Amino acid sequence: GGSRPAISPSELRKILEKLGGSFLKFGQMAAVRPDYFPREYSKELLKLLDEVPEIDPKLLDGVFYEEYGKLPEEIFQYFERVPISGASFGQVHCAWLKDGQDTKVAVKIQRPFVAQDFALDARFFSFLAWLLSKTGVIRVVDPVKVVQEFIRWTERELDYINESENLIKLADQAARHGFNVKIPKVFGHLTTKKILVMEFIEGNTLKYYYLRDEFPYNGHELFRESIFFGLHSFLVRGFFHAD
């Protein structure tokens, strides 16, 4: 009784980081659900949201050749090789368009082989969920149902054209119904299944405030508007985008 957990939060994060792909994605889901998982684990797993190893530069060029037949420097006026953020299935770079206005954009690039790897990982997660349901480690929810939902939404997330269409729908909803919510503009002529080009928006993430135990300026208004916009999307428009 009272013994140390079999694996510490930092050890779990490092294991998921090393396994990569879907395991990172599952760790991200755990990070933002402290109602499902112990808080100390969720807080440590927040590092998986944007602090993971970057794509090998040669493999990154391979994605661009596969999608455009060109290097990123041939597509953009300027492309920053060092990513500003890295996550489970992709990473984000800053770039500037060849539009005569040097428009700054965020370029989200899908990691190579991630779709193939996910198909195999999904089987493992299904088995793990079944195992957890038998052990009773997670009591609040049915782990099998959680994993099934995770698999279903992740498969859709692997298609950036689908994600770009979701952004366009959200922007239309925000404008049409007067919500004070900023949705990044999508540059559809540059977006493919594996590369998403969006308007770059400056700001801090909620993780920034959470880790500092700070409350955002005008936080009450921000959260109220975001929650009402989400509810409007889900319940009135029937559009659930999982973000």
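Tutor: Start with a rule. Two strands count as paired if DSSP finds at least two bridges between them. The model here is predicted.

Student: What makes E4 and strand E5 a pair?

Tutor: The cut-off is at least two bridges. E4 and E5, residues 195–199, have 5 bridges. The count meets the rule, so they pair. The sense is antiparallel. One position to look at is Ala106, which stands opposite Met198 in E5.

Student: How do you know that E3 and strand E4 pair?

Tutor: Apply the rule again. E3 is joined to E4, residues 104–110, by 7 bridges. At least two are needed, so this is a pair. These strands also run antiparallel. Gly90 has Gln110 in E4 as its bridge partner. Cys94 has Ala106 in E4 as its partner. Ala106 is also the residue opposite Met198 in E5.

Student: What makes strand E1 a partner of E3?

Tutor: E1 covers residues 78–79, and 2 bridges join it to E3. The rule asks for at least two, so 2 is enough. The two strands run antiparallel. Phe79 has its bridge partner in E3 at Ala95.

Student: How do you know that strand E2 and E3 pair, and in which sense?

Tutor: E2 is residues 85–86, with 2 bridges to E3. That reaches the cut-off of at least two, so they pair. The sense is antiparallel. Gly86 stands opposite Gln91 in E3.

Student: How many residues lie between E2 and E3 in their hairpin?

Tutor: The hairpin has 3 residues between E2 and E3.

Student: Why is E3 called largely enclosed?

Tutor: Buried means under 20% relative accessible area. In E3, residues 90–96, 6 of the 7 residues are buried, so the rest of the structure largely encloses the strand.

Student: What makes E4 mostly covered?

Tutor: The count of buried residues in E4 is 6 of 7. For the protein, buried residues make up 40% of the 243 residues.

Student: Why is Tyr65 put in its exposure class?

Tutor: Tyr65 has 45% relative accessibility. Buried needs under 20%, and exposed needs over 50%. The value of 45% meets neither cut-off, so Tyr65 is partly exposed. Tyr65 is found in helix H4, residues 57–67. Leaving aside neighbours within four places in sequence, Tyr65 is in contact with Lys70 and Leu71.

Student: Why are H8 and H10 given their orientation class?

Tutor: H8 is residues 160–176, and H10 is residues 219–236. Their axes cross at roughly 110°. Angles of 65 to 115 degrees count as roughly perpendicular. The crossing angle falls in that range, so H8 and H10 are roughly perpendicular to each other. Their axes come within 11 Å. The crossing is right-handed.

Student: Which residues of H8 and H10 meet?

Tutor: Leu170, Gln173 and Ala174 in H8 meet Phe229, His232 and Ser233 in H10. The residues of this contact divide into 3 nonpolar, 3 polar and no charged.

Student: What is the wider picture, in helices, strands and contacts?

Tutor: The protein has 10 helices and 5 strands. Take its contacts with a separation of 6 or more: residues 24 or more positions apart account for 59% of them.

How values were computed
Residues numbered from 1 in each chain as written. Predicted model: local features only at pLDDT ≥ 70, side-chain atom pairs only at ≥ 80, totals over all residues. Heavy atoms only, no water. Buried < 20%, exposed > 50% of the residue type's maximum accessible area, 1.4 Å probe, protein only. Helix = DSSP H or I, 4+ residues; strand = E, 2+ residues; numbered from the N terminus. Axes fitted to C-alpha atoms, helices over the stretch in contact; angles between N-to-C directions. Parallel < 35°, antiparallel > 145°, perpendicular 65-115°, else oblique. Left-handed = near helix turned anticlockwise from the far one by under 90°. Contact = heavy atoms within 4.5 Å. Nonpolar A, V, L, I, M, F, W, Y, C, P; charged D, E, K, R; others polar.
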